Amino acid sequence: MKAYVDENCIGCGLCASICPEVFEINEDQVAQAVGEICEATEDTVREARDNCPVDAIHTEE
């Protein structure tokens with residue numbers, strides 16, 4: 001699985017709080033996917049994607 005955050009991110013930090021192993025807020029105050037997505041984190045990546053208030057997180061299986 002791969003994840004990315006698009007330009008719609010508002011930097012709310014929800015994804016980083018749900019899945020800090022994969023998402024972080026960068027110096028521009030928006031989220032980015034930085035961590036390795038392994039089988040153990042796939043469910044929380046999907047949870048972060050599904051709860052993003054602006055649908056800025058996308059995944060590829």
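Which loop holds Asp55? Look for Asp55 in the loop between H2 and E4. The views below explore this loop and several other spots in a predicted model.

**View 1. The whole chain, from end to end.** Welcome to the overview! The protein chain contains two helices and four strands. Starting at the N terminus, these elements follow the order β-α-β-β-α-β. The C-alpha atoms fit a box of roughly 30 × 20 × 15 Å along the principal axes. For 61 residues, a compact globule would have a radius of gyration near 10 Å, and the chain agrees because its own value is 10 Å. Of the contacts between residues at least 6 apart in sequence, 54% link residues at least 24 apart.

**View 2. Inside and outside.** Of the 61 residues in the protein chain, 33% are buried. The chain exposes about 3,800 Å², and carbon and sulfur atoms account for 43% of that area.

**View 3. The largest nonpolar core.** In soluble globular proteins, nonpolar side chains tend to be buried together. Here, the largest nonpolar core has 14 residues, and those touching the most other members are Val5, Cys15, Val22, Phe23, Val45 and Ile57. Two elements, strand E1 (2-5) and helix H2 (42-51), each give two or more residues to this core. Which residues does Cys15 touch, not counting those up to four places away in sequence? The partners of Cys15 are Pro20, Phe23, Ala31, Ala48 and Ile57.

**View 4. Strand E4 and its two faces.** Strand E4 covers residues 57-60. On its covered face you will find Ile57 and Thr59, while His58 and Glu60 make up the uncovered one. Ile57 also appeared in the core view, among the residues that touch the most other members. Strand E4 has a partner too: E1 and E4 run antiparallel and are joined by four bridges. To see this pairing at one position, find Tyr4, which stands opposite His58 in E4.

**View 5. Around Thr59.** Now zoom in on Thr59, a residue of strand E4. What joins the side chains of Thr59 and Arg49? The link is a polar contact of 2.6 Å. With neighbours within four places in sequence left aside, Thr59 is in contact with Met1, Lys2, Ala3, Val45 and Arg49. One of these, Val45, is also listed among the core residues with the most touching members.

**View 6. Two loop residues with positive phi.** Gln29 sits in the loop between strand E2 (23-25) and strand E3 (31-33). Its phi is near 65°, a positive value in a residue other than glycine. Is Gln29 buried or exposed? Gln29 counts as exposed, because its relative accessibility is 54% and the cut-off for exposed is over 50%. Next comes Asp55, back in the loop between H2 and E4. Asp55 is not a glycine either, yet it has a positive phi of about 55°. With a relative accessible area of 53%, Asp55 is exposed.

**View 7. Glu39 and the start of the chain.** Our last stop is Glu39, in the loop between E3 and H2. Why does Glu39 count as exposed? Glu39 does so because its relative accessibility is 72%. Then look across to Met1: Glu39 and Met1 are 38 residues apart along the chain, and their C-alpha atoms are separated by 8.6 Å. Met1 is a residue you have met before, as one of the contacts of Thr59.

Note on methods:
Residues numbered from 1 in each chain as written. Predicted model: local features only at pLDDT ≥ 70, side-chain atom pairs only at ≥ 80, totals over all residues. Heavy atoms only, no water. Core = buried A, V, L, I, M, F, W, Y, C linked by side-chain atoms within 4.5 Å. Buried < 20%, exposed > 50% of the residue type's maximum accessible area, 1.4 Å probe, protein only. Contact = heavy atoms within 4.5 Å. Rg over C-alpha atoms; globule rule 2.2 N^0.38 Å. Areas by Shrake-Rupley, 256 points an atom, 1.4 Å probe, with all protein chains shown as cover. Pairing = 2+ DSSP bridges. Polar contact = N/O pair within 3.5 Å; in protein donor to acceptor, adjacent residues only side chain to side chain.
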